[in-house]
Amino acid sequence: MNSRLPPGPSNYLGFLQLTFRHYFRLRFDPIGFSKKLTKTFGDVVFFRIFHHRVILVSHPKYIHQILVSDSANFPKMSRIRNHLRQATGDGLLVTEGKRWHQQRTSTQKIFRSKRMSFFASIADQHISEMLERWQSHPTVEIETEMTLLTQRIMGDGFFGLQLESEPEVAEAVRILSDSFYDESRSILNLPDWLPTPKKQKKRRATTLLKDKLKNIIDHRIASKNRRDDYLDMLLYPATDPSSNCPHHVHASPDEIMSQLLTMYIAGFHTTSVAMAWLLSLVAQSPEIQNKILKQCKAELAGTSSLDAHNQENYAEMVVKESLRLYPAAWELFAREASQETKLGPYHIPRGSLLLILPIVIHHDERFYSNPEEFDPSRFCTKMESARPPHSWIPFGLGPHQCIGQSLALQQMTQILKSVVLQFQLKLPPDSIQKTKVVPKVSLRPAMDFKIAIVERNLATDEHQNAEVCANY
Ligand code: HEM
């Protein structure tokens, strides 16, 4: 191939190797470093980290090639899959090829429309319980609340049971995702059996989650109760009513455990963090709350499910804009070039690692003017269609695109509307902008936001708006 390598920062300065500097910048300020590289060198940037050739890709057309048109040549990096396997076993996030295809096809059935309404009714029940509890509180810690809520919805929707000791389970999921994040990028990895405090925590978290799920599986089998949920689908694939395709293969007990763990870990953590950002952003804007409220009232009155003026689903636009500004999955799993190839005019050597950060694309001024501003109107149909395709990728793209995307969007919109319909939210201006973001597996705020809430009396809304502002 006679094309050239992409441009990038120097890897050497005389005898001094700079690749260790790239490693530390990527490890400790991945978002700032990647934004700077893209701004300086363009849409495809080459640099080295020790012996690895790393390529940062930040343009929708090249991202489309990697994740869609040429995806077979860019599997998830094997080191990442090996680390993930320690947390989830061989579930959808880890498998490739035929096994992945089988799991993906059978899992997709839980996202069909009948089951989506089942999820919506489960969510409704848990949202109502949460809002009832909120009535006696002047403030709520939003990430804690959203963790509890999404954990309940996912647990109930996937296996029909509440997990006992919920905070312990949420903490175990956090420990596993943090150790996956840290270990998959560390230079030196110690074996899991070592008695260090971090390894002990990781072992305890794995055992706790597996034990809880094993109890749930054993209980379902012993009780002979049937329920139209994910666990039933895994246990009894042939009798699943929607199982009219040849992919219903009986999964082994290990595989059932891995699939449950995968959906639970992948689903609840991302959604709860995304909800925390969403409600915090909305809490800073009484104007946005009023627009959502207007849509809710119109829906309740049966006049229109859409915004009265421009026929847009405003609440969904708000959700999309918050996922643009704070994409919970700020970075996709690194891909590995399985053979020498080309990306636009550039040569991509075999074995190169390809990094794609949705947050870099979402904050690119070429696609979003004033990118740091929270402005839901960017997602009206007219403005959406004026942007290049794939410039909004919070759920990834291509065959490995998030399988729970429609469920996540449905749940986020449902929670947002229910909360705004019943409560006014208030967070002082700049609270979010002043807070550090912590990029781990999910993009988290450095501290939980304390949001002031006042229950609405729909008849005297205006008066209460003033009251909640004064109370903070
Ligand atoms: C706001 C919430 C969510 C966000 C931002 C999100 C984001 C993503 C992204 C970016 C990917 C692609 C990763 C890549 O290609 O490297 C992905 C994959 C995945 N997500 Fe989600 N997700 C969310 C919610 C969910 C939910 C609710 C579930 C399950 C119920 C779920 C299950 C999965 C699974 C199993 C995969 C792997 C799919 C495959 O490789 O075939 N996610 N998610």
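**View 1. Around the ligand, five residues come nearest.** Of the 23 residues around the ligand, the nearest are Gly-267, Leu-332, Gly-396, Cys-402 and Gly-404. Two elements each give two or more residues to this shell: helix H11 (253-283) and helix H16 (405-422). Helix H11 is the biggest giver, with seven residues. As for character, the shell around the ligand has 15 nonpolar residues, seven polar ones and one that is charged. Please keep in mind, here and in the views that follow, that this is a predicted model.

**View 2. Strands S3 and S4 form a hairpin.** Here you can follow strand S3 (residues 44-49) and strand S4 (residues 52-57), which pair in the antiparallel sense over six bridges. Two residues lie between the strands of this hairpin, and in the turn Phe-50 has a positive phi of about 50 degrees. That is worth a second look, since most residues other than glycine have a negative phi. To find your way across the pair, start at Ile-49, which stands opposite His-52 in S4. Further along, Phe-47 stands opposite Val-54, and Phe-46 has Ile-55 across from it. How covered is S3? Five of its six residues are buried, so strand S3 is mostly covered.

**View 3. Four strands make up an open sheet.** Stepping back from the hairpin, you can trace the order S3-S4-S9-S6, in which the pairing is mixed. Strand S3 and strand S6 (335-336) stand at the edges with a single partner strand each, so one side of each has no neighbour in the sheet. Inside the sheet, S4 meets strand S9 (residues 353-355) in the parallel sense, over three bridges. Val-54 is a handy landmark: its bridge partner in S9 is Leu-353, and in the hairpin Val-54 stands opposite Phe-47. As a general reminder, strands of a sheet pair through backbone hydrogen bonds, either parallel or antiparallel.

**View 4. Leu-209 sits among residues from elsewhere in the sequence.** This leucine belongs to helix H9 (residues 197-223). Is Leu-209 buried or exposed? Leu-209 is buried, because 24 other C-beta atoms lie within 10 Å and 20 or more is the mark for a buried residue. Leaving aside residues up to four places away in sequence, Leu-209 touches Val-169, Ala-172 and Leu-261. Another residue to look for is Ala-87: Leu-209 and Ala-87 are 122 residues apart in sequence, while their C-alpha atoms are 9.8 Å apart in space.

**View 5. His-390 has a positive phi in a loop.** You will find His-390 in the loop between helix H15 (381-386) and H16. Its phi is positive, at about 70 degrees, although His-390 is not a glycine. His-390 is partly exposed, with 18 other C-beta atoms within 10 Å. Helix H16, at one end of this loop, is also one of the elements that give two or more residues to the shell around the ligand.

**View 6. Asp-430 has a positive phi in another setting.** The last stop is the loop between strand S10 (423-426) and strand S11 (437-439), where Asp-430 is found. Asp-430 is not a glycine, yet its phi is positive, at about 75 degrees. How many other C-beta atoms lie within 10 Å of Asp-430? There are 9, so Asp-430 is exposed.

Notes
Residues numbered from 1 in each chain as written. Predicted model: local features only at pLDDT ≥ 70, side-chain atom pairs only at ≥ 80, totals over all residues. Pairing = 2+ DSSP bridges. Near = placed C-beta within 6 Å. Nonpolar A, V, L, I, M, F, W, Y, C, P; charged D, E, K, R; others polar. Buried ≥ 20, exposed ≤ 12 C-beta atoms within 10 Å, placed from the backbone. Contact = placed C-beta atoms within 7 Å.
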